[in-house]
Amino acid sequence: MTGTLTLESGISPVAGRVSVVSPRGDDGSAATRFTVSPDEPVFAGHYPDFPIFPGVCVVDCAHRSALATAPEPVELAAVESARFTGPAFPGDVLDFALKWRRKDGDWRLSATATTARGAAASVRLRYRATGSAPQPADAGEGAAPVATRAGGEAELPEVASLLPHRYPMLLVDRITALVPGERITVVKTVTHNEPWYAGLTPGQDLAYPAALLVESWGQAAGLLASAAAPDARSQVMLFGSVSQAVLHRPVLPGDVVEHHITLSRSLGDSVIFEGESRNEAGPVMSVGQMVMAFRPGDHLRPA
């Protein structure tokens, strides 16, 4: 160990700080650490009666670890994969083992997170050099229109009736179209009034955190899952994994983002989704696959 460097959080859903335990070595390896405080603001609205540190917050900690150990100034291009193998609870210490490598002109980071109970997550992130052009979205006709329920929008369910999330972690505003068991369109408006933008300094980057964009998309997918399986609403809806969440352009305060989600497969208590997010300028993120699982809460509580 060569000393510990503590990082400022910046625009992030995570209030605490990531510490660099071992800076990047010649082989590309590094190590960081994050202590999950019971005072993290996300706990107030992320399963209020069942505090689990959100998976996207683990991804955000890995991203902040990357920014502190990167070989050069970089910006996030894609969450190539994130898989969650164990929950993190208030009071846990997350230890990240990092490995950098260069491939196809981009930097790739592999990160594993562990707690005292064992493995918690594995994350692969892709970075481009700061200021370089983002990967364009595939050309095409855009998102397919999604039919509303018969009778019009008045019969579409309210977001809060299908999700347990509340402020500040309820990151979807309105369902605009729904075919239960098939597809959904959900709107999220990004504003300066969100807690992540508190304490901004002049000139600070205003891009909405990628982890929150993925979380918002995942909540929209959760709305589709809950609408299709009402019996699952009594269980804890867990973010199991995501792959190929590619970022095409930044989302800024004032943007209205539309999440377009299709249910690909349903496998018992797990559901697989794909889709994209768009604003008026076009696609902002495409998601190759997201897996969500429903589990009884009592099976997940720490011993």
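How many Å should the 15 residues of H1 span at 1.5 Å a residue, and how far apart are its end C-alpha atoms? That is a pleasant place to start, and the notes below work outward from there.

This is a predicted model, in which local features need pLDDT of at least 70 and side-chain atom pairs count only at pLDDT 80 or more, while totals for chains, interfaces and linings use all residues. Residues are numbered from 1 along each chain as its sequence is written, and side-chain values use heavy atoms, with hydrogens and water left out.

1. Helix H1. The expected span of H1 is 21 Å, and its end C-alpha atoms are 21 Å apart, which agrees. Here the expected span of a helix is 1.5 Å times one less than its number of residues. Helices (H or I, at least four residues) and strands (E, at least two) are DSSP runs, numbered from the N terminus. As for its surroundings, 13 of the 15 residues of H1 are buried, so the helix is largely enclosed by the rest of the structure. Buried means under 20% relative accessible area, exposed over 50%, and partly exposed in between, with a 1.4 Å probe and protein chains only.

2. Cysteines. You may wonder about Cys 57 and Cys 61. The whole structure has zero disulfides, a disulfide being a pair of cysteine sulfur atoms within 2.5 Å. The closest cysteine sulfur to that of Cys 57 is in Cys 61, 7.0 Å away, which is too far for a bond. Cys 57 is buried at a relative accessible area of 0%, and Cys 61 is buried with a value of 0%.

3. Aromatic pairs before H1. The count of aromatic pairs is five. Rings of Phe, Tyr and Trp (its six-membered ring) pair if their centres lie within 6.5 Å; planes under 30 degrees apart count as stacked, over 60 as edge-to-face and the rest as tilted. One of the pairs joins Phe 43 and Phe 53, tilted, at 6.1 Å centre to centre and 50° between the planes. Both residues lie in the loop between strand E3 (29-35) and helix H1 (55-69), so the pair ties together parts that are 10 residues apart in sequence. Phe 43 is buried at 8% relative accessible area, and Phe 53 is buried at 3%. Ring pairs also bring in Phe 34, giving a cluster of Phe 34, Phe 43 and Phe 53.

4. Aromatic pair between strands. Trp 100 and Tyr 127 form a tilted pair, 5.6 Å centre to centre with 50° between the planes. Trp 100 sits in strand E5 (residues 93-103) and Tyr 127 in strand E7 (residues 118-129), so the pair ties together parts 27 residues apart in sequence. Trp 100 counts as buried at 5% relative accessibility, and Tyr 127 is buried at 0%.

5. Salt bridges around Glu 80. The structure holds 14 salt bridges, each a side-chain nitrogen of Lys or Arg within 4 Å of a carboxyl oxygen of Asp or Glu. Glu 80 has a salt bridge to Arg 108, with the closest N and O atoms 2.9 Å apart. This pair links strand E4 (residues 74-84), home of Glu 80, with strand E6 (residues 106-115), home of Arg 108, across 28 residues. Glu 80 is buried at 8% relative accessibility, and Arg 108 is buried at 12%. Glu 80 also bridges to Arg 124 at 3.3 Å between the closest N and O atoms. That second pair joins E4 to strand E7, 44 residues apart. Arg 124 counts as partly exposed at 37% relative accessibility. The network of salt bridges includes Asp 104, Asp 106 and Arg 126 along with Glu 80, Arg 108 and Arg 124.

6. A bridge to strand E5. Asp 27 and Lys 99 meet in a salt bridge at 3.9 Å, N to O. Asp 27 lies in the loop between strand E2 (19-22) and E3, and Lys 99 in strand E5, so the pair ties together parts 72 residues apart in sequence. Lys 99 is partly exposed at 38% relative accessibility.

7. One to look at: Asp 255. Asp 255 is in the loop between strand E10 (236-247) and strand E11 (256-267). Asp 255 is buried yet has no salt bridge, and the nearest side chain of opposite charge, Arg 249, is 7.9 Å away. For charge, Lys and Arg count as positive and Asp and Glu as negative; His and the chain ends are not counted. Leaving aside neighbours within four places in sequence, the contacts of Asp 255 (heavy atoms within 4.5 Å) are Lys 188, Thr 189, Val 190, Pro 250 and Asn 279.
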